[in-house]
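Visitor: I am new to this structure and would like to know what lies behind the words used for it. Please show it to me before we start.

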Amino acid sequence: MNNECPMCGCVLCYTNVELNELLPCPDCGSDLEVRSLDPFTLEMAPLEREDWGE
Ligand SMILES: [Zn+2]
């Protein structure tokens, strides 16, 4: 599945992502959130979110 980073426009390729999963952009480092799987949609993650600590 492919999508462009909403911040820097680089093409992102991810597999096996889940709804609401947080994905870091490898190019600009932005935290992106999966808002929809069909169609695949990424948005900037809320900045106020707490650090999950993985
Ligand atoms: Zn980016």
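Visitor: What joins S4 to S5, and through how many residues?

Guide: A hairpin joins S4 to S5, with two residues between the strands. Before going further, note that this is a predicted model, in which local features need pLDDT of at least 70 and side-chain atom pairs count only at pLDDT 80 or more, while totals for chains, interfaces and linings use all residues. Residues are numbered from 1 along each chain as its sequence is written.

Visitor: What makes S4 a strand?

Guide: Strands are DSSP runs of E with at least two residues, while helices are runs of H or I with at least four, and both are numbered from the N terminus. Strand S4 covers residues 31–37. By that count the chain has zero helices and five strands, and its pattern along the sequence is β-β-β-β-β.

Visitor: Why are S4 and S5 said to pair?

Guide: Two strands pair if DSSP finds at least two bridges between them. S4 and S5 have five bridges, in the antiparallel sense, so they pair under that definition. Leu32 stands opposite Met44 in S5, and Leu37 has Phe40 in S5 as its bridge partner.

Visitor: How do you know that S3 and S4 pair?

Guide: S3 and S4 have three bridges, again antiparallel, and the definition asks for at least two. Leu23 stands opposite Leu32 in S4. These two strands form a hairpin with six residues between them, and Gly29 in the turn has a positive phi of about 80°.

Visitor: What makes S3 and S5 edge strands?

Guide: The open sheet has three strands in the order S3-S4-S5, with antiparallel pairing. Strand S3 (22–24) and strand S5 (40–44) each pair on one side only, and that puts them at the edges.

Visitor: What is found in the loop between S4 and S5?

Guide: Pro39 is found there. A cis peptide bond joins Asp38 and Pro39, with omega about 5°.

Visitor: Why is Met7 called partly exposed?

Guide: A residue is buried if 20 or more other C-beta atoms, placed from the backbone, lie within 10 Å of its own, exposed if 12 or fewer, and partly exposed in between. Met7 has 15 within 10 Å, so it is partly exposed. Met7 is found in the loop between S1 and strand S2 (11–13). Leaving aside neighbours within four places in sequence, Met7 is in contact (C-beta atoms placed from the backbone, within 7 Å) with Cys25, Cys28, Ser30 and Met44.

Visitor: What makes Asn16 exposed?

Guide: Asn16 has 6 other C-beta atoms within 10 Å, so it counts as exposed. Asn16 lies in the loop between S2 and S3, and it has a positive phi of about 60° although it is not a glycine.

Visitor: Why is Asn20 exposed?

Guide: Asn20 has 11 other C-beta atoms within 10 Å, so exposed is the word. Asn20 is also in the loop between S2 and S3, and its phi, near 70°, is a positive value in a residue other than glycine.

Visitor: How many residues of the chain count as buried?

Guide: Of its 54 residues, 7% do.

Visitor: What is the pLDDT of this model?

Guide: The chain averages a pLDDT (the predictor's confidence in each residue, from 0 to 100) of 85, and 83% of the residues score at least 70. Among the elements, strand S1 (residues 2–4) has the lowest mean, 79, and strand S4 the highest, 92. Where pLDDT is low, the predicted coordinates should not be read in detail.

Conventions. Contact = placed C-beta atoms within 7 Å.
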